Amino acid sequence: MSDSVTMRDQTQRLNFSLILLGNAVLGTPMPMLIILGGLAGAMLAPTSEFAILPVSVQMLAGMLTAAPMSVFMGKYGRKLGFLLGATIAASGGILGVYSLFYDNFYTLCFAHAAMGSALICFGFFRFAAAEVVSESWRPKAISFTLGSGLVAALVGPEIFIYSKDLFSPIPFAGAYGAITVLSIIGSLPILALRLPKTSNADQLNGSEQVATVGEIVRRPAVFTAILCAAVSFGVMVLLMAPTPLAMVGCGFTDVQAGDVIRWHVIAMFAPSFFTGSLISRFGSGKIISCGLLLLCLSAGMAMAGIELENFYLALIFLGLGWNFGFIGATNMLNENLSAGERSAVQGANDTLIALVSTLASFGSGVLISSFSWTAVAATVLPLVLIAFIGLVFLRQRVRSVA
């Protein structure tokens, strides 16, 4: 008995370590794409209004593939799903190089669509981590997995800086080539995973009756979790996506924009090493509330001015707010789903997140080209208010039941 328990613990530790490593490497292109989407898009776009279109298409592709990818993983396993995502990301990088060599804006959009599908796939690492550890450790597993994205924050912008001119005089093409290389390297720890064909979340007891997705989503806690995750992610994209364009428009360099994005992504992931402990102590709802307040603070800092320090502080607060709001909402969702419900509802959750992110990305492009950076920041406040209303409603519902 003790040998089997030890073996199981060793397998859990191995799988969890490989998931952290895979997420760190495969997540590294994410901050690179934040910078590339706007700057490469502006260079090739037929008009300024379409400069952020590659980023919007990236989000849209994520929306369209989130649910099918979740179903695919439920049927064939997380391992094959992540390998598929790595293959798609590598292909997107190659297509990005082609787009810049041949000045083709439309193939650039296809490249970002491919990488959007890959990134939404890699988002399921947080659920995979929760499935390979014991139930008591799940909040920390989710938090640590997102925390491994700190590698992306530190390494991604550096890779962008050193690779963007590798194919000089073609700007940015080298960075897309680097994404292909990272995708290939990131697939190696995934190949070493020892996972069953189907994930633990989808191994149902034959007598278990699973509700429809619509019935599950109508549960107050599930609905609130999905709403807060979508708002946290959408607000983050709304302010983050146009930041490089806004900074260049204010006279700053692309290297300075890259450094602001670096600190933004650090703020997104660095707190993850203790966010899980905070959730265990104070509960998901309070941590989500703190995240929403930080998002409001980010918007206020962005509206306060267009100095370099304003961009730094706004994007740092934005990252912190996303961390608390998104991890808190992810844990709240996981707490309120049975094993048989997770595959379908996780896909629906990430589909809605991708939809909101797509609208936020496209909307930010319209706002910044037609109005101003301040107008983008002001749009944050009503969105956060909607999430706060959802939390208040949930608390009242819990008190009335109690």
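Which side chain makes a polar contact with the side chain of Ser284? In this predicted model, the partner is Asn331, and the two side chains come to 3.2 Å of each other. Ser284 belongs to helix H15, which covers residues 284–304. With a relative accessibility of 6%, Ser284 falls under the 20% limit and so counts as buried. Leaving out residues up to four places away in sequence, Ser284 touches Ile279, Gly328, Asn331, Met332 and Glu335. Helix H16 runs through residues 308–335, so if you have the model open, look there for Asn331, the polar partner of Ser284.

Now move on to helix H11, residues 220–240. Counting 1.5 Å a residue, its 21 residues should span 30 Å, and the C-alpha atoms at its ends are indeed 30 Å apart, so expectation and model agree. H11 is also largely enclosed by the rest of the structure, because 19 of its 21 residues are buried.

That leads straight to the nonpolar interior. The largest nonpolar core holds 94 residues, and the ones with the most contacts inside it are Met32, Leu36, Tyr176, Met240, Val265, Phe269 and Leu318. H11 supplies the largest share of this core, with 15 residues. Another core lies apart from it; this one has 23 residues, including Phe16, Ile19, Phe82 and Phe127. Back in the largest core, take Met32 as a place to look around: setting aside residues up to four places away in sequence, Met32 touches Gly156, Ile159, Phe160, Ser163, Ala175, Ala178, Ile179 and Leu182.

Two names from that list are worth following, and Ala178 is one of them. Ala178 is 88 residues away from Ala90 in sequence, yet their C-alpha atoms are 9.2 Å apart in space. Ala90 sits in helix H4, residues 78–101, and is buried, since its relative accessible area is 12%. Beyond residues up to four places away in sequence, Ala90 touches Thr180 and Ser183. Helix H9 takes in residues 173–191, and Leu188 is part of it. Is Leu188 buried or exposed? Leu188 is exposed, because its relative accessible area of 53% is over the 50% limit. Leu188 and Leu21 are 167 residues apart in sequence, with 9.5 Å between their C-alpha atoms.

The other name to follow is Phe160, which brings us to the aromatic rings. Searching the whole structure turns up 15 aromatic pairs. In one of them, Phe160 and Phe172 are stacked, with 6.1 Å from centre to centre and 15° between the planes. Phe160 is in helix H8 (residues 150–163) and Phe172 in the loop between H8 and H9, so this pair ties together parts that are twelve residues apart in sequence. Both rings belong to buried residues: Phe160 has a relative accessible area of 2%, and Phe172 is at 10%.

A second pair, Phe311 with Trp373, is tilted, at 5.3 Å centre to centre and 35° between the planes. This one links distant parts of the chain, because Phe311 is in helix H16 and Trp373 in helix H18 (residues 373–378), 62 residues apart. Phe311 is buried at 1% relative accessibility, and Trp373 is buried too, at 6%. There is also an aromatic cluster made up of Phe233, Phe269, Trp322 and Phe326. Phe269 is a name you've met already, among the residues with the most contacts inside the largest core.

Finally, a few backbone details. The loop between H8 and H9 holds Pro169, and the peptide bond joining Ser168 to Pro169 is cis, with omega at about 15°. Phe172 is in that loop as well, and has a positive phi of about 75° despite not being a glycine. So where else does a residue other than glycine show a positive phi value? Asp103 does, with phi near 50°. Asp103 is placed in the loop between H4 and helix H5 (105–122), and with a relative accessible area of 59%, it is exposed.

Terms used:
Residues are numbered from 1 along each chain as its sequence is written. This is a predicted model: local features need pLDDT of at least 70, side-chain atom pairs count only at pLDDT 80 or more; totals for chains, interfaces and linings use all residues. Side-chain values use heavy atoms; hydrogens and water are left out. Helices (H or I, at least four residues) and strands (E, at least two) are DSSP runs, numbered from the N terminus. Buried means under 20% relative accessible area, exposed over 50%, partly exposed in between (1.4 Å probe, protein chains only). A polar contact is a pair of N or O atoms within 3.5 Å; within protein, one must be able to donate a hydrogen and the other to accept it, and residues adjacent in sequence count only if both atoms are side-chain atoms. Contact means heavy atoms within 4.5 Å. The expected span of a helix is 1.5 Å times one less than its number of residues. A nonpolar core is a set of buried Ala, Val, Leu, Ile, Met, Phe, Trp, Tyr and Cys residues joined through side-chain atoms within 4.5 Å. Rings of Phe, Tyr and Trp (its six-membered ring) pair if their centres lie within 6.5 Å; planes under 30 degrees apart count as stacked, over 60 as edge-to-face and the rest as tilted.
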